[in-house]
Amino acid sequence: MDLQAALAARRLLAIVRGGDADAALRTVLALAEEGVGLIEVSLSGADALTVIERARHALGPDALLGAGTVLTADDARAAHRAGAGFVVTPGLGDGVGAARDLGLPVLAGVLTPTDVIAARALGAEALKLFPAAPFGGADYLRALRGPFPDAPFVPVGGIDAAAAHACLTAGATAVGVGSPLVGDAADGGSLAALRDRARAFRVVAEEAGR
């Protein structure tokens, strides 16, 4: 899987973290049906590995389905066994190297220039700029792109529709969106409302930067 190319093509990564495993699975499937083709299931959600396993079975081997909040080598190995096709980390822990050893592409969490250099040295395919909004969002992204103009940044954290548009226009490869997109769907909330939000975010992803 070429994660960087997938991010560049889709421009939107949905982040599913729920307190109800069945609802989280329904959320993943609804997002996929609405054309949100890159989906991360956070390991901090309820029974997340089972959600990944069930989603993989439902969506098939080619679905761009990953595991998020991968902190440790054990997390990476468990995500791989569950069927994750890529992993997402909040920082540069042992999960990065373990995932790479397993052949899983990594969207590695970074914040500072030092983090960017370290993540690239570890072989991360793309860089999760996290938490993006509290540190300036699109403005901070522009500052980082000065020394790293070709780095594939994916801002995550506090990214609503307006911030997504601003970050994509500022040169982000993609944006990662959790609660502004998922809402309460992964806890049993409305799937109809989720579908409406998914369509709206897809429009932002398709139109930003044109």
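# Reading a predicted chain, feature by feature

Trainee: How does the span of helix α2 agree with its number of residues?

Mentor: Start with the rule: the expected span of a helix is 1.5 Å times one less than its number of residues. Helix α2 covers residues 21-33, which is 13 residues, so 18 Å is expected. Its end C-alpha atoms are 18 Å apart, which agrees. Before we go on, note that this is a predicted model, where local features need pLDDT of at least 70, side-chain atom pairs count only at pLDDT 80 or more, and totals for chains, interfaces and linings use all residues. Residues are numbered from 1 along each chain as its sequence is written, and side-chain values use heavy atoms, leaving out hydrogens and water.

Trainee: Which residues of α2 are buried?

Mentor: First the cut-offs. Buried means under 20% relative accessible area, exposed means over 50%, and partly exposed is in between (1.4 Å probe, protein chains only). In α2 the buried residues are Ala 21, Ala 23, Ala 24, Leu 25, Thr 27, Val 28, Ala 30 and Leu 31.

Trainee: What do those buried residues of α2 pack against?

Mentor: Look for contacts, meaning heavy atoms within 4.5 Å. The buried residues of α2 pack against strands β1 (12-16), β2 (38-42) and β3 (64-68). They also pack against helices α3 (48-59), α9 (179-182) and α10 (191-207).

Trainee: How many helices and strands does the chain have?

Mentor: Helices (H or I, at least four residues) and strands (E, at least two) are DSSP runs, numbered from the N terminus. This chain has 10 helices and 8 strands. Its radius of gyration is 16 Å, close to the 17 Å that the globule rule gives for 210 residues, so the chain is as compact as a globular protein of that length. That radius is taken over C-alpha atoms, and the rule is 2.2 Å times the number of residues to the power 0.38. Along the principal axes, the C-alpha atoms fill a box of roughly 45 × 35 × 25 Å.

Trainee: What share of the residues is buried?

Mentor: Of the 210 residues, 50% are buried. Now look at contacts with a separation of 6 or more: 59% of them join residues 24 or more positions apart.

Trainee: Where does Val 70 lie?

Mentor: Val 70 is in the loop between β3 and α4 (73-82). Its relative accessible area is 1%, so Val 70 is buried. Leaving out residues up to four places away in sequence, Val 70 touches Leu 43, Asp 75, Ala 76, Val 87, Val 88, Thr 89, Pro 90 and Gly 95. Take Val 87: it is 17 residues from Val 70 in sequence, but the two are 6.6 Å apart in space, C-alpha to C-alpha.

Trainee: Which sign of phi do most residues other than glycine have, positive or negative?

Mentor: Most residues other than glycine have a negative phi, and most peptide bonds are trans. Now look at Thr 69, in the loop between β3 and α4. Its phi is near 55 degrees, a positive value. Arg 11 has a positive phi too, near 70 degrees. Arg 11 sits in the loop between α1 (3-10) and β1, and at 18% relative accessibility it counts as buried.

Trainee: Which residues does a cis peptide bond join?

Mentor: A cis peptide bond joins Phe 130 and Pro 131, with omega about -10 degrees. Pro 131 is in the loop between β6 (126-129) and α7 (138-145). Gly 136 lies in the loop between β6 and α7. At 37% relative accessibility, Gly 136 counts as partly exposed.

Trainee: Which residues of helix α5 are buried?

Mentor: Helix α5 (residues 94-101) has Gly 95, Val 96, Ala 98 and Ala 99 as its buried residues. Their cover includes α4, β4 (87-88) and β5 (106-110). Just after α5, Gly 103 takes a positive phi of about 85 degrees.

Trainee: Is Phe 201 in helix α10 buried or exposed?

Mentor: Phe 201 lies in helix α10. Its relative accessibility is 6%, so Phe 201 counts as buried. Beyond residues up to four places away in sequence, Phe 201 touches Leu 12, Ile 159, Asp 160, Ala 161, Ala 164, Val 177, Pro 180 and Leu 181.
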